[in-house]
Amino acid sequence: MSRTSRPAKGVSAFGPSMPLHARGAMVAQPWRGFTRGLVDAVKGRGAVRGAATTASTGVAPAAWEQAARLRRRVLMALIALSTVLATTVLASSQPTYEHPLLQWLQIGLFALLFAWVSAGCITAVMGFWVLVKGDQHALSKNTASQRPLSASARTAVIMPICNEDVSTVFAGLRATCESLATTGADRLFDVFILSDSSDPAVRAAELAAWSELRGQLGSDRIFYRWRQRRIKRKAGNVADFCRRWGRNYRYMVVLDADSVMSGDCLVTLVRLMETHPTAGILQTAPQGCGLNTVHARGQQFSSRVTGRLFTAGMQYWQLGEAHYWGHNAIIRVEPFMKHCALAPLEGEGGLSGEIMSHDFVEAALMRRAGYHVWLVPDLVGSYEQQPPHILAELQRDRRWCQGNLQNARLITEPGLHAVHRGMLVTGALAYLSAPLWLVYVALGAMLWLVGGNVFFTPEGDLTIGVLSLWAGTISMLVLPRLLGVMAVVMKDEQRFHGGTTKLVQSAFIEFGLSAMQAPLRMVAHSIFVVAALTGLKLEWKSPPREATDVSWQEARQSFAKAGLSVLAIAAVLALLHPPALLWLLPVGVPLLLAIPFTVLTSRTGLGEKVRQSELLLVPEESWTPSVLRRAWNYAQQTSQPLGWTEVLDNPRLCAVVSGAMGSRRTSQGLRGHARRARIEQLASQGAKPTPAEVMRFLSEPGSLQQLRAAVVFPRQASTCH
């Protein structure tokens, strides 16, 4: 974006960046704790004061609640039936081992992991049914398509950011605001950029981009807030906004730094909230798009073809007790402030302290308060980016892993709905399943060494039962992809994926990518689980939003040890019992090829060749919505990050930075004396301020003006103007 543009008439780029405060309370209640919550449940003391449920109020359950209960019973019955059947076949097909303890441990692990796989497959099957036949109980965008909006439905669009690529963030936000302006309802919306950035150059660039955005849009309802006390990460940033300005708004829409939303989508969310007063959170199904690496393309394609089955399937089971993913969703502010404040978890170690994966917990608390949480699967116009490569994905997963394991401590909290307790369990299992699979593979190899080949009987005949279980498990992993392709064809959407032939070819490519990535994720997630459980330090760092090629050195640093470990294990098995290598192949080969695989799938050039071949296409590439076209075009108009000297040399930027903080008296007393002494030192010696000092100058207009006068005009008494 150009830095030379000027504000539209009547909109000042040099005023305060924040509106006047409207203070409100958002008080976090201490957690009961896992053990005490379990004891309370056993003793029948699980109710929560203020929690409003149909059972406690005596109101008859709605039709969707009755349908949801029946559906969940069917789901649990199908999972149990398939797991019991598969486990029985495994137990009866195995030979008699000299070490039955290992055998029964492996069978127990198989039962748990097969139940996990079958739950996903059954969910995808029901998602396919919903996509083809529909669901009369689902919340649809059509229920509020014509509802007029009153002036009281004020909505804040908030975007928490932390050391992000400024050009990309503000390009997406500009496209979102411009799309919102075309709806004619933009009068109801205010926009807040909530920065936790710690890099002075990034913060200065954010201020400049904020000022320019106001000028480009001609709007004084776009605000910028930088937190000096950056506590509780994103959840703390959102809570800080609620305490300062939440009382001014009925709703808030939470965006991620890579989010783009159309104006129609935003307005429809508000209309749905107005139509359904018991809705506390409405979550859209964001579509991944925008990056062109092979890895990102595979993830985008999988999300659009297979992932939407899981989304529709989860909505089929959950209905009004759905997930909240932390972004691209609308929240009813008053109950959120009253019921969804997050207290830290007691204790020490990796599973204590501030809540990391806040979204699942906030959804559970909102439902406990009597409000419903819905996914709106048919609402289009909500977009996000996928991680550009596997290393960025695993960097993000490390945070999610620790947060989801941490949330497992809240399973017994009083008053939570059973569905949300289940979400906390499945969130933890999403990462605990990785080391369990690793242990299962290791047990299989050990049993092979001590008891013979599980695929053949002592007489040399095939062990049909074990082979059929392998085939069945693989089929359950493949079936969602097959149904996803079928759903695309049945809905006549294959033209958006390059045609039927290209669609099928893309599905095979995506399956191959997934098969290669699964062992990498398994090993990485196992390490993350161990780190979380042992309390090893976690670096909280936002993953890259932009596509950057992974170097061979980076890939070696990440996967060389895993590859060498596989070689060592393979060498031992080759000496002791060569046929056991067959058991290791599905995991071992991808780990041996992890380094070149990671490098190649991060290459933007290779991804562009894949796109030109019309493979791994998503609909947004065949027919790009205007809001995405604008966002991508603006993002290409990149600018270099601002340096500290540019703030001092450029009077306009200096005025923007000075005016953004408003009037602050920092020139009096000991602090003012210390600032003046340091300014004189910096000006006379030509020294560079430390990053902490730069952040301080960016927050103190008076000190910044004095520094500019001393550095730029040392012989004059000039100040920033």
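## A salt bridge across the chain

Glutamate 346 and arginine 36 form a salt bridge, with the closest N and O atoms 3.5 Å apart. (A salt bridge here is a side-chain nitrogen of Lys or Arg within 4 Å of a carboxyl oxygen of Asp or Glu.) Glutamate 346 sits in the loop between helix H10 (333-339) and helix H11 (358-368), while arginine 36 belongs to helix H1 (residues 34-42), so the pair ties together parts that are 310 residues apart in sequence. Glutamate 346 counts as exposed at 53% relative accessibility, whereas arginine 36 is partly exposed at 38%. Buried means under 20% relative accessible area, exposed over 50%, and partly exposed in between (1.4 Å probe, protein chains only).

This is a predicted model, in which local features need pLDDT of at least 70 and side-chain atom pairs count only at pLDDT 80 or more, while totals for chains, interfaces and linings use all residues. Residues are numbered from 1 along each chain as its sequence is written, and side-chain values use heavy atoms, leaving out hydrogens and water.

## More salt bridges

The whole structure holds 23 salt bridges. In one of them, glutamate 493 meets arginine 308 with the closest N and O atoms 2.8 Å apart. That pair links the loop between H14 and helix H15 (500-534) to helix H9 (residues 294-318), 185 residues apart.

Glutamate 393 and arginine 521 also join, at 2.5 Å from N to O. Here helix H12 (residues 390-407) supplies the glutamate and H15 the arginine, 128 residues apart, and both residues are buried. Elsewhere, Glu65, Arg72, Glu321 and Arg367 form one network through salt bridges that share partners.

## The overall chain

Let's step back to the whole chain: 26 helices and ten strands make up its secondary structure. Helices (H or I, at least four residues) and strands (E, at least two) are DSSP runs, numbered from the N terminus. Of the 721 residues, 52% are buried. Among contacts (heavy atoms within 4.5 Å) between residues at least 6 apart in sequence, 84% join residues at least 24 apart.

## The seven-stranded sheet

Seven strands form an open sheet with mixed pairing, in the order E3-E2-E1-E4-E8-E6-E9. Strand E3 (222-226) and strand E9 (372-376) stand at the edges with a single partner strand each, so one side of each has no neighbour in the sheet. Two strands pair if DSSP finds at least two bridges between them. E1 and E2 are parallel, over seven bridges, with threonine 155 partnered by phenylalanine 189 in E2. Strand E6 (residues 279-284) and strand E8 (residues 329-332) run antiparallel and share three bridges; one partnership is glutamine 283 with alanine 329 in E8.

What makes E2 largely enclosed by the rest of the structure? Seven of the seven residues of E2 are buried, so the surrounding structure largely encloses this strand. Phe189, Val191, Ile193 and Ser195 point one way from E2, and Asp190, Phe192 and Leu194 the other way.

## Proline 480 inside a helix

Proline 480 is found in helix H14 (residues 464-490) and, at 5% relative accessibility, counts as buried. Beyond residues up to four places away in sequence, proline 480 touches Cys121, Ala124, Thr306, Leu309 and Phe310. Glycine 127 is 353 residues away from proline 480 in sequence, yet their C-alpha atoms are 9.3 Å apart in space.
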